[in-house]
Amino acid sequence: LANESEARTQLANEMKTFKSTFEKEIADKENKFKTELESTKKQLEKEQQVRRTAEGARDQLQLQLDSITNNSSKQTSSLSQKLEEQTQQIKNLTAMNDAKEQQISSLTSAAKNSEKDITSLRANFERISTENQTNQQLSDKQQDQISDYQVQIQTLNQQISRH
């Protein structure tokens with residue numbers, strides 16, 4: 001009976017140790033996941049600011065384009081520069097979309113390790129997907145603007161060659 005009691009005591013101590021270790025590992029994984037999630041949120045906020053800046057620049061470029069269309073061949077080269085900037089902005093938005101897709105992949109992996117946070121990850125996934133769609137629409141709109149700019153350049157060039 002003494003050996004049985006000692007075995008029970010030892011088993012109880014081992015179970016307490018296992019439980020403590022298991023709970024610590026769970027807490028560590030939750031903390032790591034929360035840290036990664038906060039980092040992703042901060043990165044998304046930065047990307048949203050970049051997107052807002054690009055939209056503001058686009059609006060400024062549209063105002064400048066309206067003014068440029070009434071002028072001569074000097075403005076044609078300026079318009080070409082603006083087109084290059086628009087093209088670069090589209091590349092930047094595409095890169096942001098790629099980064100967001102990578103974040104979606106990372107968030108999906110993290111969800112497999114923590115069922116408790118799956119709901120939060122799904123909400124982030126939906127927000128990122130919506131942002132990707134918005135960025136794609138913005139990219140499509142800018143591509144349309146580039147086509148419009150190219151037609152306007154051709155028109156200006158035709159007007160210049162007539163004079």
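Modeller: Let us begin with a definition: a residue is buried under 20% relative accessible area, exposed over 50%, and partly exposed in between, with a 1.4 Å probe and protein chains only counted. This is a predicted model, in which local features need pLDDT of at least 70 and side-chain atom pairs count only at pLDDT 80 or more, while totals for chains, interfaces and linings use all residues. Residues are numbered from 1 along each chain as its sequence is written, and side-chain values use heavy atoms, leaving out hydrogens and water.

Colleague: Why is Arg8 called exposed?

Modeller: Arg8 has a relative accessible area of 57%, and the limit for exposed is over 50%, so the word applies. Its partner Glu4 has 39%, which falls between the two limits, so Glu4 is called partly exposed.

Colleague: What makes Arg8 and Glu4 a salt bridge?

Modeller: The closest N and O atoms of Arg8 and Glu4 are 2.6 Å apart, and a salt bridge is a side-chain nitrogen of Lys or Arg within 4 Å of a carboxyl oxygen of Asp or Glu, so the pair qualifies. Arg8 and Glu4 are 4 residues apart in helix H1, which means that about one helical turn separates them. The whole structure holds 8 salt bridges.

Colleague: What helices and strands does the protein chain have?

Modeller: There are 3 helices and 0 strands, following the pattern α-α-α along the sequence. Helices (H or I, at least four residues) and strands (E, at least two) are DSSP runs, numbered from the N terminus. Helix H1 covers residues 2–68, and the others are helix H2 (74–113) and helix H3 (118–162).

Colleague: How do you know that Lys100 and Glu131 link distant parts of the chain?

Modeller: Their side chains meet in a salt bridge at 3.2 Å, N to O, and Lys100 lies in helix H2 while Glu131 lies in helix H3, 31 residues apart. Lys100 has a relative accessible area of 0% and Glu131 has 6%; both values fall under the limit for buried, so both residues are given that name. Arg127 joins Lys100 and Glu131 in a network of salt bridges.

Colleague: What is the distance in the salt bridge of Asp59 and Arg58, and how do their accessibilities compare with the limits?

Modeller: The closest N and O atoms of Asp59 and Arg58 are 3.0 Å apart. Asp59, at 41%, counts as partly exposed, whereas Arg58, at 10%, is buried.

Colleague: Why are Phe18 and Phe22 called stacked?

Modeller: The count comes to 1 aromatic pair. In that pair, Phe18 and Phe22 lie 6.1 Å centre to centre, with 15° between the planes. Rings of Phe, Tyr and Trp (its six-membered ring) pair if their centres lie within 6.5 Å, and planes under 30 degrees apart count as stacked, over 60 as edge-to-face and the rest as tilted, so this pair is stacked. Phe18 and Phe22 are 4 residues apart in helix H1, which means about one helical turn.

Colleague: What makes Phe18, Phe22 and Ile26 a nonpolar surface patch?

Modeller: Patches are made of residues with over 30% relative accessible area and no salt bridge, like charges being joined within 9 Å and nonpolar side chains (Val, Leu, Ile, Met, Phe, Trp, Tyr) within 5 Å. Phe18 has 60% and is exposed, while Phe22 at 43% and Ile26 at 34% are partly exposed; each value passes the patch limit, so these residues can belong. The patch has an area of about 310 Å².

Colleague: Which residues make up the largest nonpolar core?

Modeller: This core has 8 residues: Leu65, Leu79, Leu83, Ile90, Ile146, Tyr149, Ile153 and Leu156. H3 gives the most to this core, with 4 residues. A nonpolar core is a set of buried Ala, Val, Leu, Ile, Met, Phe, Trp, Tyr and Cys residues joined through side-chain atoms within 4.5 Å. Leu65 touches Leu79, Tyr149 and Gln152, not counting residues up to four places away in sequence, where contact means heavy atoms within 4.5 Å.

Colleague: Why is Arg51 called buried?

Modeller: Arg51, in helix H1, has a relative accessible area of 13%, which is under the limit for buried, so the name fits. Leaving out residues up to four places away in sequence, Arg51 touches Met96, Thr134, Asn135 and Leu138. Of the 163 residues of the protein chain, 28% count as buried.

Conventions:
Accessible areas come from the Shrake-Rupley method with a 1.4 Å probe; for residues, only the protein chains shown count as cover.
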